[in-house]
Amino acid sequence: ILGSEICLVHLFILPCTSQQVSAMGDRETRNHSEVTDFILVGFRVRPELHILIFLLFLFVYAMILLGNIGMIVIIIFDPRLNTPMYFFLGNLSFVDLFYSSVIAPKAMINFWSESKSISYAGCVTQFFLFALFIVTEGFLLAAMAYDRFIAICNPLLYTVQMSTRLCVQLVAGSYFCGCITSVPQTIMTFTLSFCASRTIDHFYCDIRPLQRLSCSDLFTLKMVSFTFSGLIVFPTIIVIIVSYLYIVSTVLKIPSTKGRQKAFSTCSSHLGVVSVLYGAVFFMYLTPDTYPELSKVASLCYTLLTPMLNPLIYSLRNKDVKEALYKLLEKKSAIL
């Protein structure tokens with residue numbers, strides 16, 4: 001009866017088959033050392049919708065490649081963008097480009113694959129790289145908030161305080177924090193014993209769907225994950241909030257309306273990016289495990305939509321980027 005109710009949740013959800021029920025109910029314990037691959041279920045939709053979702057993934061991923069590679073090229077080749085803010089933005093585009101590339105190609109391949117499998121090593125690599133880049137992005141956004149704080153609150157000391165050395169250290173520190181948090185979580189997750197089945201009810205190897213397959217005691221892993229989440233989220237959010245409290249306080253003291261608008265415009269793009277990323281992450285992890293399809297939709301927001309929107313937000317809201325893009329396009333058209 002319960003199986004029948006699950007099958008009727010939504011019009012677009014695939015009807016349950018005996019094979020699916022068998023896979024979901026298979027409780028044969030298998031040690032992690034015996035697992036050679038996993039099956040990524042992806043979205044449980046009707047076959048006729050596969051091509052639509054595939055085209056959607058393809059469009060979004062093409063926009064990610066175009067937007068982020070374009071942003072990196074503009075920042076590298078335009079000398080006017082040789083500033084700390086654009087140094088951070090270039091690294092943000094690099095991170096967005098790579099962590100979306102860890103997810104999207106495999107997800108698109110699985111739309112046409114009958115097996116929908118991912119090797120054990122491939123799953124480990126995907127899990128590690130995604131964790132590395134998503135944590136790095138959080139720390140990069142905090143570094144960008146600090147950069148805006150110095151630029152607006154201490155403009156006369158900006159070039160001194162935001163030196164090339166400090167910028168490199170902040171970016172290197174972001175990658176380092178990503179690495180030291182992703183390594184232990186990856187090791188602890190993939191030393192679990194997996195039972196029930198090899199089927200991951202997701203479109204990539206994420207920690208929560210993998211935990212559902214485990215028959216090990218998850219208390220230690222969950223505590224470590226919670227601790228790392230706290231060490232990542234709270235410091236970065238605190239830096240961002242405190243920076244913007246000082247920024248708002250300083251901007252409100254500017255006498256001219258035009259000056260206030262200019263100051264706020266330099267921060268609006270960054271605030272937009274922060275809101276999209278953290279909003280999607282909080283929505284994802286606050287979604288109960290009883291709604292896996294809703295969890296997948298939430299995951300789409302920060303795995304694909306955020307990397308697509310970031311370059312659009314910065315290019316549409318930033319005068320310098322738009323001018324650099326026009327200049328690059330004019331130069332290219334003149335050559336042709």
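This is a chat between a student and a teacher about reading a predicted model.

Reader: Let's start simple. How many helices and strands are in the chain?

Author: You'll find 12 helices and 3 strands. Keep in mind that this is a predicted model.

Reader: And what share of the 336 residues is buried?

Author: Buried residues make up 44% of the chain. As for the outside, the chain exposes about 17,600 Å², and carbon and sulfur atoms supply 71% of that area.

Reader: What do the contacts say about how far apart in sequence the partners are?

Author: Take contacts between residues at least 6 apart in sequence: 80% of them join residues at least 24 apart. Here's a pair to look up, too: L305 and V60 are 245 residues apart in sequence, yet their C-alpha atoms are 7.3 Å apart in space. L305 sits in helix α11, residues 292–317, and is partly exposed at 34% relative accessibility.

Reader: Now a single helix. How far does helix α9 reach from its first C-alpha to its last?

Author: The idea is to compare the span with what you'd expect at 1.5 Å a residue. Helix α9 runs over residues 219–252, which is 34 residues, and reaches 48 Å, close to the expected 50 Å.

Reader: Which residues of α9 are buried?

Author: Among them are L221, F228, I232, V233, I240, Y244, I247 and V251. The list also includes S225, G230, T236 and S243.

Reader: What covers those buried residues?

Author: The cover includes α5 (120–153), α7 (164–189), α8 (207–213) and α10 (257–286). While you're looking at α7, find S174, which lies in that helix. S174 counts as buried because its relative accessibility is 2%, under the 20% cut-off. Leaving aside neighbours within four places in sequence, S174 is in contact with T136, F139 and L140.

Reader: On to cysteines. How many disulfides does a search of the whole structure find?

Author: Just 1 disulfide turns up. C123 and C205 form it, with their sulfur atoms 2.0 Å apart. The link is left-handed, with -125° about the S-S bond. This pair ties together distant parts of the chain: C123 is in helix α5, while C205 is in the loop between β3 (199–200) and α8, 82 residues away.

Reader: Are C123 and C205 buried or exposed?

Author: Both have low numbers, so check each one: C123 is buried with a relative accessible area of 0%, and C205 counts as buried at 1%.

Reader: What about C195: where is the nearest cysteine sulfur?

Author: That sulfur belongs to C215 and is 3.0 Å away, but C195 is in no disulfide. The reason is the cut-off: the sulfur atoms of a disulfide have to be within 2.5 Å, so 3.0 Å doesn't qualify. C195 counts as buried, at 9% relative accessibility.

Reader: Why do charged side chains pair up?

Author: Side chains of opposite charge can pair when their charged atoms come close. In this structure there are 6 salt bridges. One of them joins the side chains of D37 and R198, at 2.4 Å from N to O. D37 is in strand β1 (residues 37–40) and R198 is in the loop between α7 and β3, 161 residues apart. R198 is partly exposed at 25% relative accessibility.

Reader: Which residues are linked in a network of salt bridges?

Author: R44, D201, E293 and K296 make up that network. D201 meets R44 at 3.5 Å, N to O. D201 is in the loop between β3 and α8, and R44 is in the loop between β1 and α3, 157 residues apart. D201 also forms a salt bridge with K296, with the closest N and O atoms 2.8 Å apart. K296 is in helix α11, 95 residues from D201. Look at the accessibility as well: D201 counts as buried at 17%, and K296 counts as buried at 0%.

Reader: Last one, about the surface. Which residues make the nonpolar patch of about 520 Å²?

Author: I51, L52, L55, L58 and W112 make it. Helix α3 (residues 50–77) gives the largest share, 4 residues. I51 is one to click on: I51 lies in α3 and is partly exposed, with a relative accessible area of 48%.

Conventions:
Residues numbered from 1 in each chain as written. Predicted model: local features only at pLDDT ≥ 70, side-chain atom pairs only at ≥ 80, totals over all residues. Heavy atoms only, no water. Helix = DSSP H or I, 4+ residues; strand = E, 2+ residues; numbered from the N terminus. Expected span 1.5 Å × (residues − 1). Buried < 20%, exposed > 50% of the residue type's maximum accessible area, 1.4 Å probe, protein only. Contact = heavy atoms within 4.5 Å. Patch = residues over 30% accessible without salt bridge, like charges linked within 9 Å, V, L, I, M, F, W, Y side chains within 5 Å. Areas by Shrake-Rupley, 256 points an atom, 1.4 Å probe, with all protein chains shown as cover. Salt bridge = Lys/Arg side-chain N within 4 Å of Asp/Glu carboxyl O.
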